[in-house]
Amino acid sequence: MQRYFVDPEQFHEREVEITGDDVHHIVKVMRSETGEEIIVCDGTGRVARVRLSELSKELVRGEIVELLDEQRELPIRVTIGQGLPKADKMEWILQKGTELGAYAFFPFSSERTIVKLDEKKEGKKLERWRKIAKEAAEQAHRAIVPQLLSPVSYKQLLKEFEKYTAVAIAYEKEGGGKLSDVLPTLSAGDSLLVLIGPEGGFSEEEVRLAEQAGAKSVSLGPRILRTETASQYVLSAVSYHFE
Ligand code: SAH
């Protein structure tokens, strides 16, 4: 069954309203008719089987047939702190990371960041990135759309650590711990922030600062992964460990 996300305020007690691009998809692409059923999620975890009752160019309405109790989310909420990579890599990270169950993405710039986000274009870019996450969440049958937080500087990022149960910084140089040491310390409901460096990696000073702020430095295995691969490794490992 096709799945769509709506804003929580469009998800009422007995019915839902769908507006925007999804209307076109339901009416024109899927050529749906009243009486047909779809799945609608409010993006915060409510999921319902919905029977279409009204179709127009601007609005689709449907009655909630039943609320569904689907378990699709990783038991721990994993936020990927991603050092801003070049152009389309971020889109790839968002799409695949959403499929693999990331709870949120937190882009940041650091010493070796190559792309600098242009403040004027930032809004548009974030909007596009959010759309990618939404579509990936629909296709992965997620109950939530991962949050995309606004990009911050490394210094600002360090101040966010206290909001998470645990923080890890992925660092490829020897001497740190392993992801497999951190995961067993967590249990269902906990939150984990994992920092992934941009293409050029983290400087030693940045790793030191992260550790000082409470992060554990972890290896993701003996091979050097590209920045866009590292988060996939982390999310797969979390799924393997907890699911
Ligand atoms: N320092 C290298 C590699 C950077 S890889 C260079 O200068 O080219 C980009 C990021 O992916 C790293 O900052 C790190 O966060 C993560 N990463 C890649 N492979 C890793 C590994 N084997 N262990 C831990 N982190 C890794």
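These questions and answers cover the ligand site, the pockets and the cavity of a predicted model.

Reader: What makes the oxygen of the ligand and A170 a polar contact?

Author: The cut-off is a pair of N or O atoms within 3.5 Å. An oxygen atom of the ligand is 2.6 Å from a polar backbone atom of A170. That pair therefore counts as a polar contact.

Reader: How do you know that E172 and L220 make polar contacts with the ligand?

Author: The same test applies. A ligand nitrogen is 2.4 Å from an N or O atom in the E172 side chain. For L220, a ligand nitrogen is 2.8 Å from a polar backbone atom. Both values are within 3.5 Å, so both pairs qualify.

Reader: How much of the ligand does the protein bury?

Author: Alone, the ligand exposes 560 Å². The protein buries 84% of that area.

Reader: Which residues surround the ligand most closely?

Author: The shell holds 19 residues, and the closest are A170, E172, L220, R223 and L225. β13 (216-219) and α7 (227-242) each give the shell at least two residues. By class, the shell has 10 nonpolar, six polar and three charged residues.

Reader: Why is L220 put in the nonpolar class when its backbone makes a polar contact?

Author: The class goes by residue type, and Leu is on the nonpolar list. The contact of L220 uses a polar backbone atom. So the two labels do not clash.

Reader: In which pocket does the ligand sit?

Author: The ligand sits in the second largest pocket. To sit there, more than half of its atoms must lie within 2 Å of the pocket's grid points.

Reader: What lines the largest pocket?

Author: The largest pocket has a volume of about 550 Å³. Its lining has 26 residues, with F5, V6, D22, K134 and E138 closest to the centre. β1 (3-5), α1 (21-29) and α3 (119-139) each supply at least two lining residues. The lining divides into nine nonpolar, eight polar and nine charged residues.

Reader: What makes the space beside L84 and W129 a cavity, not a pocket?

Author: In a cavity a 1.4 Å probe fits but cannot get out, whereas a pocket is open. L84 and W129 are among the residues that line the largest cavity. So the probe is shut in there.

Reader: How do you know that this cavity enters the count?

Author: The count takes cavities of 30 Å³ or more and comes to one. The largest cavity holds about 40 Å³ of space. Its lining has six nonpolar, no polar and two charged residues.

How values were computed. Residues numbered from 1 in each chain as written. Predicted model: local features only at pLDDT ≥ 70, side-chain atom pairs only at ≥ 80, totals over all residues. Heavy atoms only, no water. Near = heavy atom within 4 Å. Polar contact = N/O pair within 3.5 Å; in protein donor to acceptor, adjacent residues only side chain to side chain. Areas by Shrake-Rupley, 256 points an atom, 1.4 Å probe, with all protein chains shown as cover. 1 Å grid on protein atoms, 1.4 Å probe; cavity = no way out; pocket = protein on both sides within 12 Å on 5 of 7 lines; lining within 4 Å. Helix = DSSP H or I, 4+ residues; strand = E, 2+ residues; numbered from the N terminus. Points joined across faces, edges and corners; volume = space filled by probe spheres on them.
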